[in-house]
Amino acid sequence: MHICNLSFETGLVPDKLKVAKVIPAYKKCERNKPGNYRPISLLSIFDKLLKKLMYNRITEFLDKHDVLYKYQFGFRRCHSTSLALIDMTDNIYRNMDMKNVTVGIYLDLQKAFDTVDHGILFHKLYVYGIR
């Protein structure tokens, strides 16, 4: 508990907890191309516990301060992708009843998280109150 609290206070994670066993998991297409695999990191039990505690703190903070957009459905408790589809379908039907034209544009960004600029991400987290 002392290590977890110290980690939360300082924002640092002990180096020993950052060590993971990485296993390549096949995704699709040709097996001889490295880009067709994604890494699975096997972490220690203690690291998983620390991550779960941090996840709970951040989630509670975001909910308490109403930080997330109300239509952010992914990775949130009680906000499944099924609810996103129900909301979208309801919106389409409502607009059809009002004789409005509905147009949808759907984008799927491959490896989107890999393209996130960490400097911008950390700045945004800071602005939202996550230190």
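Right after helix α3, Lys 99 adopts a positive phi of about 65°. Keep in mind that this is a predicted model, so that angle is a computed value like the others here. The helix that comes just before, α3, covers residues 81–97. Its length is easy to sanity-check: 17 residues at 1.5 Å a residue should span 24 Å, and the end C-alpha atoms do sit 24 Å apart, so the two agree.

Carry on into the loop between α3 and α4 (118–127), and you'll run into Leu 107. This leucine counts as exposed because its relative accessible area is 73%, where the cut-off for that word is over 50%. Leu 107 has nonpolar partners on the surface, too: together with Val 101, Val 103, Ile 105 and Leu 109, it makes a patch of about 660 Å².

There's a charged patch to look at as well. Lys 27, Lys 28, Arg 38 and Lys 111 gather on the surface as a patch of positive charge. Of these, Arg 38 belongs to strand β2, which runs over residues 37–42. With a relative accessible area of 45%, Arg 38 is described as partly exposed, because that label covers the range between 20% and 50%.

For a last stop, go to helix α2 (residues 45–64), where you'll find Lys 64. At 66% relative accessible area, Lys 64 is exposed. If you want a long-range pair to check in your viewer, try Lys 64 and Lys 124: they're 60 residues apart in sequence, and 18 Å separates them in space, C-alpha to C-alpha.

Conventions: Residues numbered from 1 in each chain as written. Predicted model: local features only at pLDDT ≥ 70, side-chain atom pairs only at ≥ 80, totals over all residues. Heavy atoms only, no water. Patch = residues over 30% accessible without salt bridge, like charges linked within 9 Å, V, L, I, M, F, W, Y side chains within 5 Å. Areas by Shrake-Rupley, 256 points an atom, 1.4 Å probe, with all protein chains shown as cover. Salt bridge = Lys/Arg side-chain N within 4 Å of Asp/Glu carboxyl O. Lys, Arg positive; Asp, Glu negative; His and termini not counted. Charge placed at Lys NZ, Arg CZ, Asp CG, Glu CD. Helix = DSSP H or I, 4+ residues; strand = E, 2+ residues; numbered from the N terminus. Buried < 20%, exposed > 50% of the residue type's maximum accessible area, 1.4 Å probe, protein only. Expected span 1.5 Å × (residues − 1).
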